[in-house]
2 protein chains.
Amino acid sequence: MQTSAAISADGKHWFLLEASPDIRWQIESFAALGPPAGSRGTSIDGVLLTNADLDHVLGLWSLREGGPLRIHATAAVWNSLVHGLGMDRILGFFGGSRWLEAPWEPHALSLSGGEPSGLLYSAFPLPGKAPRYVEARPGAAGDNIGYRIEDPRTGGRIVFAPDIGAVDDTLREELAQCDVAFLDGTFWTDGELEELGGRSAALMAHLPLGGPEGSLAALPRGQKPRRIFVHINNSNPMLREDSPERAELVRSGAEVGIDGQELEL
Amino acid sequence: MQTSAAISADGKHWFLLEASPDIRWQIESFAALGPPAGSRGTSIDGVLLTNADLDHVLGLWSLREGGPLRIHATAAVWNSLVHGLGMDRILGFFGGSRWLEAPWEPHALSLSGGEPSGLLYSAFPLPGKAPRYVEARPGAAGDNIGYRIEDPRTGGRIVFAPDIGAVDDTLREELAQCDVAFLDGTFWTDGELEELGGRSAALMAHLPLGGPEGSLAALPRGQKPRRIFVHINNSNPMLREDSPERAELVRSGAEVGIDGQELEL
């Protein structure tokens, strides 16, 4: 399945990380996200977006029914959705939408009723780019971010960064302080998609994993954080369990994300 | 899965009927739609749309890579896509799109290279309405249609009509001349979604199946055409195999469409 995840402090109120095109399928595959008994509603309180790429936001249309859809995003991402896709206008014909600006400092992630969810969240900037459908405008700070999410009761902390254009000090610092990191596993080499008629990883602002300049070499190794690569393109050879690339990944102590994977921190 | 189907005269070149949000999943579940060997391409030559409802068109975004996406639709439907969703503009940043006006008289369904696909197709008007995201404009002829598709070599003919606002003479005539009809199975009663907080079937321009005024009573019975109900909302009680509604449907000689169903005419 594509790159969405769900987080919760209490197992009852959930937030989606990205809304991929197959979101309805993903929701149906995880019972906790279904409607509370006797309702057609949802246990999903909002969606956190890291950028405005179509593969992260198309699922918003599939969440259009019900109350206003709470969309957590930077100003740059919301700007892309509004001016590039008409997202707020179109959702306005259904349940509506509400933009909540993703905070740069840790902040309580609130539920729609105003109560705290039990989670803290903050955004941090990541090298990346605006989506192709707003290519005409210059890149803006906040076009691509990662999230830090923490449960202060347990101290458990994750980083969610499925799109990484380059490894910088900000990312290194975030990784040094988290338990589990979900990281950009799109490509193994810069040219693997070009060979199949696509664009290079660099042009798409994805740092590939492989090689001396790749993210596997640039990212910290060791037991902590647990590194789980997600957002894996079907051209990436590490998807094959018997590939040398997979062996290299496993030797480095990292993991390939699995559909349906559940973690408790 | 949602309401998409694929048709082909030769088993190599395929046309989608609707592009539902889960289209990528559906494509992956049917090997014939995958890329020809050694390519990242597709065996899908185009998409035929019956209306511009989001559940029929969101999958177009998921088909954005590759060459121009060939979209067969009426002028009214294309107008909704362009002015309501910015479809042509957004697809233009990827592989592009090409609109092909759905013909009101039987016409050869051509492949992108210009050769005949081996199929004939024609649209016929059906009572319905424009999608909610263009509600401001008055309804237009062609907002909702059915397709007749025929293989002249075998004489096999289907009707595809997943949205039926009312049964009229045009529909009855089409059904009298086809072998298999895929029909609007959205609701059993007008109020079943209202009870769950949604809108009435009438407001959504779906004729429900049940009751003396329902489509099951209004549509022809008998061995021909084979009637397969699709586009079934999860509120429709006929989805449950042990329901009285399912029993009534089966007694009438009709069927519930099944994910992955294949037919050869």
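These are my notes on the interface, cavities, salt bridges and backbone of a two-chain model, which is predicted.

**Entry 1. The interface**

I began with the contact between chain A and chain B. I found 27 residues of chain A in contact with 27 residues of chain B. For the area buried between the two chains I noted about 2,700 Å². Carbon and sulfur atoms give 57% of that area.

I then looked up the polar side of the interface. The rule finds 4 salt bridges across the interface of chain A and chain B. It also finds 6 residue pairs in polar contact there, with both residues at pLDDT 80 or more.

Which elements of chain A give two or more residues to the side that touches chain B? I listed helix H1 (23–28), helix H2 (54–57), helix H3 (59–62), helix H4 (75–85) and helix H5 (87–91) of chain A. H4(A) gives the most to this side, with 3 residues. I sorted the side of chain A that touches chain B by class and wrote down 13 nonpolar, 6 polar and 8 charged residues.

**Entry 2. Salt bridges**

I took the count over all chains and got 22 salt bridges. I looked at two pairs by name.

In one pair, the side chains of A:Glu65 and B:Arg132 meet in a salt bridge at 3.9 Å, N to O. This pair crosses between chains. I placed A:Glu65 in the loop between H3 and strand E4 (69–73) of chain A. Its partner B:Arg132 is in the loop between strand E7 (116–125) and strand E8 (145–151) of chain B.

In another pair, A:Arg64 and B:Asp55 meet through their side chains in a salt bridge, and I noted 3.2 Å, N to O.

**Entry 3. Cavities**

I searched for enclosed space next. How many cavities of 30 Å³ or more does the structure hold? I found 2.

The largest cavity has a volume of about 70 Å³. I read its lining as A:Asn51, A:Asp53, A:Gly128, A:Lys129, A:Ala130, A:Asn144, A:Asp163, A:Met204, A:Ala205 and A:His206. By class, the lining of the largest cavity divides into 3 nonpolar, 4 polar and 3 charged residues.

For the second largest cavity I noted a volume of about 40 Å³. Chain A lines it with A:Pro21, A:Leu58, A:Gly59 and A:Ser62. From chain B, I listed B:Pro21, B:Leu58, B:Gly59, B:Trp61 and B:Ser62 in the lining. The elements that give two or more residues to the lining of the second largest cavity are H3 of chain A and helix H3 (59–62) of chain B. H3(B) gives the most, with 3 residues. I counted the lining of the second largest cavity by class as 5 nonpolar, 4 polar and no charged residues.

**Entry 4. Backbone**

I checked the peptide bonds. The bond from A:Lys224 to A:Pro225 is cis, with omega near 0 degrees. I located A:Pro225 in the loop between helix H7 (215–218) and strand E11 (226–230) of chain A.

In chain B, I found the peptide bond from B:Lys224 to B:Pro225 to be cis, with omega near 0 degrees. B:Pro225 sits in the loop between helix H7 (215–218) and strand E11 (226–230) of chain B.

Where does A:Glu18 lie? I placed it in the loop between strand E2 (14–17) and H1 of chain A. Phi of A:Glu18 is near 70 degrees, and I marked this as a positive value in a residue other than glycine.

Methods
Residues numbered from 1 in each chain as written. Chains lettered and ligands numbered in written order. Heavy atoms only, no water. Contact = heavy atoms within 4.5 Å. Buried area = accessible area lost by both parts, 1.4 Å probe. Polar contact = N/O pair within 3.5 Å; in protein donor to acceptor, adjacent residues only side chain to side chain. Helix = DSSP H or I, 4+ residues; strand = E, 2+ residues; numbered from the N terminus. Nonpolar A, V, L, I, M, F, W, Y, C, P; charged D, E, K, R; others polar. 1 Å grid on protein atoms, 1.4 Å probe; cavity = no way out; pocket = protein on both sides within 12 Å on 5 of 7 lines; lining within 4 Å. Points joined across faces, edges and corners; volume = space filled by probe spheres on them.
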